[in-house]
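Here's a quick tour of the fold for anyone about to set up calculations on it. Have the structure open and follow along.

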Amino acid sequence: MSASREKKSRQSKLDELNEKRQLEAQKAAKEKRKSIVYTVIGVVCALLVAALLIWDSGVIQSRKPAVKVNGESYTAAQVSYFYNDMLMQYYYSSMLGGVSSYDPQTDPAQQIYDATTGKTWHDFFLDESLDSLTEISTLVAKAEEEGVTLSDEGKQQVKENMATLKSTARESGFTSVTSYLKAAYGPGMTKGVYKQLMGDVMLASEMASNYTDTLTYTDEQVEEYYAEHADELDLFTYSFAKFSGTPEATTDEDGNKVEPTDKEKDDAKAQAYTKGEAFRAKLARGGDFMELMEELAEDKTVTSNTRVTASGTTVLYALDSWLKEDGRQAGDVGLVQLEADTYVVEFHGRERDNELPGDVRHILVAAEQDEGATEPTEAQYDAAKAKAQQMLDEWEAGEATEDSFAKLAEKESADPGSAANGGLYEDVSSSTGFIEDFANWVVDPGRQVGDTGLVKNTQSGTKGWHIMYYCGNDGVPVWKATVENALATEDTSAWLEELIADVQVERLDALNNI
């Protein structure tokens, strides 16, 4: 987390270039207004930091103050807590295909972040670390000033994270948590310091969330924001056919790969355009998209998707500008070229995302799976379904309340992500990353509080059947929740900027030990 202009600029560039990030951004925007400050700084990085210790793990040798924030001293090991979080964020981003020049296998000090200034990735990570430290310490100080302490939920999370840290240290080959922490953060890091930092991060997050929860917006404010961002908020429905203009590589008589010549590339691009234009012309004359695609069934250079419905931030990148042109009408047909490929698109319409995200409790009944198999057999799925139905029947024969369902989930669910919370998932919608059948059950327009049912799970790591219990929704459609979240995020960031505006940060010599 950082409110610096540099970070905002960097994120903006990522947003423009990386389509994969768009779904995550949409998912985050649709969650209820929660943690503006990270709640797991240091926890996530602790899980992988040992694997990234490709430099001298003993480099941080000093317990001397490395930085002062408003007169309070912090050691190099404490700064490393935040520094390693930045490493992990970019490590995960690189694993997910994020657009960045950062190479997680190379020392950040040996990689240039900004060619104009000569700033390295190490410099960037360090700057961001100090931004985070400044924000966290300022929010903690404000909490102390107002007499606010960490909630019971926050304390429990710290306890669980420390337990996770212990198992992570053991799995990473360390004899103790202490030795693991010292290897990761330097000799100045202890379990006590680490736990305190973790608690500070969570307290800071709660302070930011508490502020966010006080924010309310009028219908006029919401509509004004929506009008300015409709292209990102609306749902677009369209069909498209992609005509690939990239020729396949061939092999010579010895089996060696032969790359296409420039002429072959130009010819393939031209052929893709010709086929695309012919397809577009037929569509424009009233042809049926599906029937026309059937005529091209044998052409392996053509792919298509019919009646795609996507938010404005997740529409196909190549078609983004065309779909959002002023005056676009249902039935419009267009041709778009992107590099070697030609796309033909048929526009069906756009509308606000009025889906109502819902809260649901579930119990995952895992299907048995043969050793080495990637999927349970149908008989194994059937057995899991029968077990789930029996469990549901027994629950219905008892109290049949949400509380009793939650207790059953805590005891029986095979989903580690929700079992401890009574199987609860909040704000489930079609775009929040849940398996399609699971999400569709929750957002069914006819869904009523207390509804139960079974949903087959063939997609996640643990396959089987879900026993569902619908808890309800807050009546706020996705588009409006997204707007309110965006407004609250902006206002909370502005509030935080004001809090830290006059904070003094003094870098000391020991900071060079990072």
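**Starting from a buried threonine**

Thr342 counts as buried, with a relative accessibility of 0%. Keep in mind that this is a predicted model. Thr342 is found in strand β10, and that strand, residues 341–351, pairs with β5 in the antiparallel sense over 9 bridges. From there we can move on to the sheets, the helices and the cores.

**Around Thr342 and β5**

- Leaving out residues up to four places away in sequence, Thr342 touches Ala241, Lys242, Phe243, Ala272, Tyr273, Gly276, Leu335, Val336 and Gln337.
- What about strand β5 (residues 235–243) as a whole? 8 of its 9 residues are buried, so β5 is largely enclosed by the rest of the structure.
- β5 also pairs with strand β8 (residues 302–311), where 8 bridges join the two and the strands run antiparallel.
- If you want to check the register, look for Lys242 opposite Thr303 in β8 and Ser239 opposite Glu346 in β10.

**The four-strand sheet and its helices**

- There's an open sheet of 4 strands in the order β12-β11-β14-β13, and the pairing is antiparallel.
- At the edges sit β12 and β13 (452–457), each pairing on one side only.
- From one strand to the next, the twist averages 35°.
- Strand β11 (residues 358–366) pairs with strand β14 (residues 464–472) over 8 bridges in the antiparallel sense, and Ile363 stands opposite Ile467 in β14.
- Helix α13 (residues 378–396) packs on this sheet and touches β11, β13 and β14. The direction of α13 makes about 160° with that of β13.
- Helix α15 (residues 436–443) packs on the sheet too, touching β11, β12, β13 and β14. Its direction makes about 25° with that of β14.

**Where α5 crosses α16**

- Two packed helices are described by the angle between their axes and the distance between the axes.
- For helix α5 (residues 121–146) and helix α16 (residues 478–500), the axes come within 10 Å and cross at roughly 85°.
- That crossing makes α5 roughly perpendicular to α16.
- Which residues meet here? On the α5 side they are Thr134, Glu135, Thr138, Leu139 and Lys142, and on the α16 side Trp495, Leu496, Leu499 and Ile500.
- Sorted by class, the contact of α5 with α16 has 5 nonpolar, 2 polar and 2 charged residues.

**Nonpolar cores**

- In soluble globular proteins, nonpolar side chains tend to be buried together.
- The largest nonpolar core here has 51 residues, and the members touching the most other members are Val79, Tyr81, Phe125, Leu133, Leu181, Met189 and Tyr194.
- Which elements give two or more residues to this core? They are β1, α4 (76–95), α5, α6 (152–171), α7 (177–185), α8 (191–213) and α16.
- Take Met189: setting aside its neighbours within four places in sequence, it is in contact with Ala77, Gln78, Tyr81, Leu181, Lys182, Tyr194 and Leu197.
- A second, separate core has 17 residues, including Ile363, Leu392, Phe405 and Cys471.

**Backbone spots to look at**

- Two residues other than glycine have a positive phi: Asn70, with a value near 50°, and Asp427, at about 55°.
- Asn70 lies in the loop between β1 (65–69) and β2 (72–75). With a relative accessible area of 52%, Asn70 is exposed.
- Asp427, by contrast, lies in strand β12 (residues 424–428). Is Asp427 buried or exposed? Its relative accessible area is 10%, so Asp427 is buried.
- Gly286 is in the loop between α10 (262–284) and α11 (289–295), and at 63% relative accessible area Gly286 is exposed.
- Gly286 and Gly331 are 45 residues apart along the chain, and their C-alpha atoms are separated by 9.2 Å.

Conventions
Residues numbered from 1 in each chain as written. Predicted model: local features only at pLDDT ≥ 70, side-chain atom pairs only at ≥ 80, totals over all residues. Heavy atoms only, no water. Buried < 20%, exposed > 50% of the residue type's maximum accessible area, 1.4 Å probe, protein only. Pairing = 2+ DSSP bridges. Axes fitted to C-alpha atoms, helices over the stretch in contact; angles between N-to-C directions. Contact = heavy atoms within 4.5 Å. Parallel < 35°, antiparallel > 145°, perpendicular 65-115°, else oblique. Nonpolar A, V, L, I, M, F, W, Y, C, P; charged D, E, K, R; others polar. Core = buried A, V, L, I, M, F, W, Y, C linked by side-chain atoms within 4.5 Å.
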